[in-house]
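User: I would like a close look at one part of this protein, with its surroundings described as carefully as the model allows. Please choose one helix, follow it to what it packs against, and go on from there to the neighbouring sheet.

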Amino acid sequence: AYERRFPTCPLIPMFVASDTVSEYKSEDEAIHVIERRCKLDIDAPRLLKKIAGVDYVYFVQKNSLNRRERTLHIEAYNETFSNRVIINEHCSYTVHPDNEDWTCFEQSASLDIKSFFGFESTVEKIAMKQYTSNIKKGKEIIEYYLKQLEEEGITFVPRWTPPVACKSESSTCHPRRPVSPAINIPESATKEGLSSKEILNTSSSPSEPTAGTPDDKLDADYIKRYLGDLTPMQESCLIRLRQWLQETHKGKIPKDEHILRFLRARDFNIDKAREILCQSLTWRKQHQVDYILDTWNPPQVLQDYYAGGWHHHDKDGRPLYVLRLGQMDTKGLVRALGEEALLRYVLSINEEGLRRCEENTKVFGRPISSWTCLVDLEGLNMRHLWRPGVKALLRIIEVVEANYPETLGRLLILRAPRVFPVLWTLVSPFIDDNTRKKFLIYAGNDYQGPGGLLDYIDKEIIPDFLGGECMCEVPEGGLVPKSLYRTAEELENEDIKLWTETIYQSASVFKGAPHEVLIQIVDASSVITWDFDVCKGDIVFNIFHSKRAPQPPKKDSLGAHSITSPGGNNVQLIDKVWQLGRDYSMVESPLICKEGESVQGSHVTRWPGFYILQWKFHSMPACATTNLPRVDDVLASLQVSSHKCKVMYYTEVIGSEDFRGSMTSLESSHSGFSQLSAATTSSSQSHSSSMISR
């Protein structure tokens, strides 16, 4: 019945055609494997198809029929946009272990959206919609073809029997077999630390850890293999923080090991860990750190004169990074590249470190969540204490400490010269106490003696410049030619270019001073879309309409308090003499957004004129919807004593001609964005930030 779906199926309108790519049959006809390339006409908005430049999407499907085991396994994955979106689907038909007349069916799928022209949320909804529709229709289609077979007089298919030569063995080939799953999704999901995929399973498994309640338990083998030793209290903190992220961030959330880093950095204080984790996720999103390894190529000057690089691993399996700081011309690099380029390069090193930790975890079969850094100070002198260079170093330390906590397993400082204490005095106050405990400092050749380098690094991989036999490919550094220096004005422009490669803006919201954005609409039925993160405090989001333009915006003097370098501000547009209902009207119901939440939505305009998006400070008593406030709300009210909130936002207007017929594709949702992600989970508690205006 299943095979009758091919080469095309009238019951699945989007299934246009399919071609056989390969086919295999065993000699005894017990195994039949066929692979097809399927052409699908996805029901997606015309605008999205236009941007993507495709009309059809191609999937590869592999069907494996095992007549001996009496199983049919189906695997499918997308071929189109496989570098941007990864979809895997697994299905299985098996015989029930207790009743051979029953057929068991299991289906699961995973979705991982890396990037899609800024329409990640839309693509996620389309995929969810298509998948849900397929699940509902799957049984109906099978029953249709079963009935068709009955009408043709086919009501029974003889069970496979081995060839005569194997008959003596066949008597042992038919014990009742347990149901075999299509693919070990629960194990792989947990073993990958709830990898950055959305696990959608039509059959629940008690062995699969979910994030439903704080009472959930993580699998012991998973903890040992990927997270390390956790006390019951630590495991509970991890589950509770992950659950909070799932409730407030529809979409991608960090992997368990990354959440654990922030918990460890704050001694498993959930409130403190949640605060720094949310700030870090917002920072990553704004500066597109998730894509830095794929989209940013370091300037040639860095590749030639930055004396650092990855070099095998230490005895604990941690990736080893070697930095020949004494051979590096920090002044020349800062003069040639500027502070921002250096910072971005260090961020790319840290991103590569995270990737190597994941690889080493798989290679060594135990959790590796940090790396070892070996710093050679041979050649360090007063030139390295050049003030702008030290300033750049301090800023780099500050950014790394805030966004990559607990990633440094050990820091080996070798051949520290007499000038080192001066540098240490300048730098150490900016380094976290827990991080400082991981520093081991050796003067002269002390690293060659007992308790030295051999205690931490195998003899075979000690770099040649430290007396070892292993050739180290780290650049030797040297003086940057002054011909490569650039003026302060050139560097300033380059710095702005680097850190304004973001579509998001930052704003501060104060009690009595909301932040407002003006959007002028010429054509009715245009669509206003928005995407914002609440970085600090709780806010109320409103949309207003006015037929007349407000006065030129006034920037609040308090707006100098910015959440990030590309400047936060505070703009107020609605004049205090304006009256709601007379001078302007509310076109959406107010939406209360909690600290740490990400919100996307859209509004279809009914009239031309001026629309005002407003983020307003939310006082805690006004948001109480129950007699008893939540503990989180009470804590939040204590933390926002400064009456200041911070938001990061992006808005866009889409013309009605590009959006007609696809209004529902941008219904509002809460979403997370970081690619340090694990399970993608829709929260039943998420709000809807917009209703479509008719």
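Analyst: What follows begins with one helix and its contacts and then turns to the sheet and a loop residue.

The model is a predicted one, and the part chosen here is helix 7, residues 256-265. Nine of the 10 residues of helix 7 are buried, so this helix is largely enclosed by the rest of the structure. The buried positions are Asp 256, Glu 257, His 258, Ile 259, Leu 260, Arg 261, Phe 262, Leu 263 and Ala 265. What they pack against is a set of other helices, namely helix 5 (220-227), helix 6, helix 8 (270-286), helix 12, helix 13 (387-403) and helix 15 (433-436). After helix 7 comes Asp 267, which has a positive phi, near 50°.

Of these partners, helix 6 (residues 232-248) can be described in detail: its axis and that of helix 7 come within 10 Å and cross at roughly 110°. Angles from 65 to 115 degrees count as roughly perpendicular, and helix 6 and helix 7 are therefore roughly perpendicular to each other. Their crossing is right-handed. On the helix 6 side the contact is made by Cys 237, Leu 238, Leu 241, Arg 242 and Leu 245, which meet Asp 256, Ile 259, Leu 260 and Leu 263 of helix 7. Sorted by character, the residues of this contact comprise seven nonpolar, no polar and two charged.

Another partner of the buried residues of helix 7 is helix 12, and this helix leads to the sheet. Helix 12 (residues 339-364) lies across strand 8, strand 9 and strand 10, and runs at about 5° to strand 8. The sheet itself is open and mixed in its pairing, with five strands in the order 8-9-10-11-12. Strand 8 (308-313) and strand 12 (439-443) stand at its edges with a single partner strand each, so one side of each has no neighbour in the sheet. On average, and with direction ignored, neighbouring strands are turned by 20° against each other. Strand 9 (residues 319-323) pairs with strand 10 (residues 371-376) in the parallel sense over four bridges, and Tyr 321 has Cys 373 in strand 10 as its bridge partner.

The loop between strand 10 and helix 13 contains Leu 385. Leu 385 has a relative accessible area of 16% and is buried. Leaving aside residues up to four places away in sequence, Leu 385 touches Val 390, Val 419, Val 422 and Leu 423. Its C-alpha atom is separated by 9.4 Å from that of Leu 426, which is 41 residues away along the chain.

Methods. Residues are numbered from 1 along each chain as its sequence is written. This is a predicted model: local features need pLDDT of at least 70, side-chain atom pairs count only at pLDDT 80 or more; totals for chains, interfaces and linings use all residues. Side-chain values use heavy atoms; hydrogens and water are left out. Axes are lines fitted to C-alpha atoms, for helices over the stretch in contact, and angles run from 0 to 180 degrees between N-to-C directions. Helices (H or I, at least four residues) and strands (E, at least two) are DSSP runs, numbered from the N terminus. Angles under 35 degrees count as roughly parallel, over 145 as roughly antiparallel, 65 to 115 as roughly perpendicular and the rest as oblique. A crossing is left-handed if the near helix is turned anticlockwise from the far one by less than a right angle, and right-handed if clockwise. Contact means heavy atoms within 4.5 Å. Ala, Val, Leu, Ile, Met, Phe, Trp, Tyr, Cys and Pro count as nonpolar, Asp, Glu, Lys and Arg as charged, and the others, Gly among them, as polar. Two strands pair if DSSP finds at least two bridges between them. Buried means under 20% relative accessible area, exposed over 50%, partly exposed in between (1.4 Å probe, protein chains only).
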